[in-house]
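Here's an informal walk through one structure, with the ligand site up front and the fold details after that. Have a look at the sequence and the model before reading on.

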Amino acid sequence: MEAILIEGGQPLVGTLAVSGAKNTALALLAATLCASGTTVLENVPELADVQVMLEVLTSIGVKVQRQHDGIALDASVLTSHTTPYDLVTRMRASFFVLGPILARLGQARIPLPGGCAIGSRPVDLHLKGLRALGAEVAIEHGYAIAKADKLVGAAIYLDYPSVGATETIMMAAALAEGTTTLTNGAQEPEIVDLAELLTAMGARIEGAGTECMRIEGRPDLVGVRHRCIGDRIEAGTFMIAAAATRGDLTLVGIRPEHVASLSGKLQEMGVSVTWTAPEALRVQATGELTPIDVRTLPFPGFPTDLQAQTMALLAMTPGTSMLTETVFENRFLHVDELLRMGANIKTEGNCAVIQGVRPLTGAPVRATDLRAGAALVVAGLAARGTTQITGVHHIDRGYERLEEKLISVGARITRSGVGETAKP
Ligand code: EPZ
């Protein structure tokens, strides 16, 4: 079984380039279906999840061609309105193709993504949005089956600012007749980037990134070239790792406003976060850090996708911290693994009380989901001794060339296969 091995205690020092944003790229890839032409996406990360999304698109007739400066996707002719069950179960975000396929073909039959380790992950808000635009949507035999001769702009209110539901509604509304107003939609940077892509294709979108968005649909959208933003969660993970290892790390390819909440909380702990260029920041930490309290919220609040990594940092920060997870109902699976490394964490519902212990000690641990795995990497980088992390396929879903990047800034990290005894 593959494992990541880390010899802890090395401060991260140097400069890292942040990859394109996984969660943005997945939405942008789905949105290429909205244009009956070729879209070239730049800065798309090489990740397992991206590969699955490309397989989904290919399965319905999109011609995919990797170029030196991006990925060209020709969605002129879609050959099917349904996607393979196994692909959607492998990567839930492939459900995001429902809206665009329905808008392009008048019908769509997409497997329901089901739950995952961190929660039940319902899609009711996605379906509510499509129904508001005039679609008939039924759930049959584990599939969402949607039909609409024509989608018509509507006023839609989302009970919760769901990122995926906002993206589904944006992509369908971009091809609907008339104007859609979306109230209480998600405001994440991936929403703004998706709006920029759809606008370049010919839709008219105002208010992306605010609590009220206005989308004017067009009957026909054209393929364009678009560059995906830098990954704020990858960047945040490295910022936290730099703080945990008391390093001095510069990150390039990330916008300050995309990591503002984390920057503020790290500064509250006594970590120095400075902007050295429009898309570059420097994180420096020395000596003792101050414990803090964190509550995850939809953007611009503190991102749930950095909760596990932040818990690892707080687990190594002497004093009492409190972490409240308000977005997902089961996102503390990393706690048991951190306890194996000597952490002192008590959870009650969606709240974790952390008594920091420094240093943690290296141990064999298991990644249970993507960001829990990232948290274990953070802990291993700062722990005393060797940490062995299994379940690395979870980590590979969201981090491009992780070991290579960390080694380039001083980490002692490697990957071993079955029976190998590589020392980091
Ligand atoms: C996206 O998931 C991200 N994934 C997640 O990142 C991220 O954690 C999440 O947004 C929140 O930021 C991708 O973009 C591919 P939501 P999504 O819909 O869209 C409830 C990672 O680690 N909800 O905003 O599925 C839901 O149960 C992953 O990179 C409904 O109730 O998230 C959850 O409690 C993990 N009904 C909350 O909203 C719905 O129809 C947030 O979910 C949809 C969601």
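A polar contact here is a pair of N or O atoms within 3.5 Å. Keep in mind that this is a predicted model.

**The ligand site**

Which residues come nearest to the ligand? Out of the 23 residues around the ligand, the nearest are Asp124, Leu125, Ser162, Asp305 and Val327. Three of those names turn up again when we list side-chain polar contacts to the ligand:

| Residue | Ligand atom | Distance to a polar side-chain atom |
|---|---|---|
| Asp124 | nitrogen | 2.7 Å |
| Ser162 | oxygen | 2.7 Å |
| Asp305 | oxygen | 2.6 Å |

On its own the ligand exposes 820 Å², and the protein buries 88% of that. As for which elements build the shell around the ligand, those giving two or more residues are helix H1 (22-31), helix H5 (124-132), helix H6 (163-173) and helix H12 (370-382).

**Helix H4 and the helices of the ligand shell**

Some of those helices also meet helix H4, which spans residues 98-105. Leu98, Gly99, Pro100, Ile101 and Leu102 of H4 are buried. What do the buried residues of H4 pack against? Their partners are H1, strand S6 (107-111), H5, S8 and H6. Right after H4 comes Gly106, which has a positive phi near 80°.

Strand S8, one of the partners of H4, belongs to a hairpin with S7. Strand S7 (residues 136-140) and strand S8 (residues 143-147) run antiparallel and are joined by five bridges. One pairing to look for is Ala138 with Ile145 in S8. Two residues sit between the strands of this hairpin, and His141 takes a positive phi near 50° there.

**A four-stranded sheet with a helix across it**

Now for the open sheet. In what order do the four strands lie? They follow S2-S14-S16-S15, with mixed pairing. Strand S2 (13-17) and strand S15 (272-277) are the edge strands, each pairing on one side only. From one strand to the next, the twist averages 20°.

At the S15 edge, five bridges tie S15 to strand S16 (residues 280-284), and the two run antiparallel. Ala277 has Ala280 of S16 as its bridge partner.

Helix H8 (residues 232-244) lies across S2, strand S14 (248-252), S15 and S16, and runs at about 170° to S14. The loop between H8 and S14 holds Thr245. Is Thr245 buried or exposed? With a relative accessible area of 7%, Thr245 falls under the 20% cut-off, so it counts as buried. The Thr245 side chain reaches back to the backbone oxygen of Ala242 at 3.3 Å. If you set aside neighbours within four places in sequence, Thr245 is in contact with Gln10, Pro11, Leu12, Leu381 and Ala382. Leu381 and Ala382 in that list fall within the range given for H12, 370-382.

**Backbone oddities in the loops**

Two cis peptide bonds are worth a look. One joins Phe299 and Pro300, with omega about 10°. Pro300 sits in the loop between strand S17 (293-295) and helix H10 (307-315). The other joins Arg358 and Pro359, where omega is about 5°. You'll find Pro359 in the loop between strand S20 (351-356) and strand S21 (364-366).

Then there are residues that have a positive phi without being glycine. Asn43 is one of them, with phi near 65°. The loop between strand S3 (38-42) and helix H2 (48-59) is where Asn43 lies. Its relative accessible area is 24%, so Asn43 is partly exposed.

Arg401 is another, with a positive phi of about 50°. Arg401 occupies the loop between helix H13 (392-396) and helix H14 (402-407). How does Arg401 stand in terms of exposure? The relative accessible area of Arg401 is 44%, which means that this residue, too, is partly exposed.

How values were computed:
Residues are numbered from 1 along each chain as its sequence is written. This is a predicted model: local features need pLDDT of at least 70, side-chain atom pairs count only at pLDDT 80 or more; totals for chains, interfaces and linings use all residues. Side-chain values use heavy atoms; hydrogens and water are left out. Two strands pair if DSSP finds at least two bridges between them. Axes are lines fitted to C-alpha atoms, for helices over the stretch in contact, and angles run from 0 to 180 degrees between N-to-C directions. Contact means heavy atoms within 4.5 Å. Buried means under 20% relative accessible area, exposed over 50%, partly exposed in between (1.4 Å probe, protein chains only). A residue is near a molecule or strand if one of its heavy atoms lies within 4 Å of it. A polar contact is a pair of N or O atoms within 3.5 Å; within protein, one must be able to donate a hydrogen and the other to accept it, and residues adjacent in sequence count only if both atoms are side-chain atoms. Accessible areas come from the Shrake-Rupley method with a 1.4 Å probe; for residues, only the protein chains shown count as cover.
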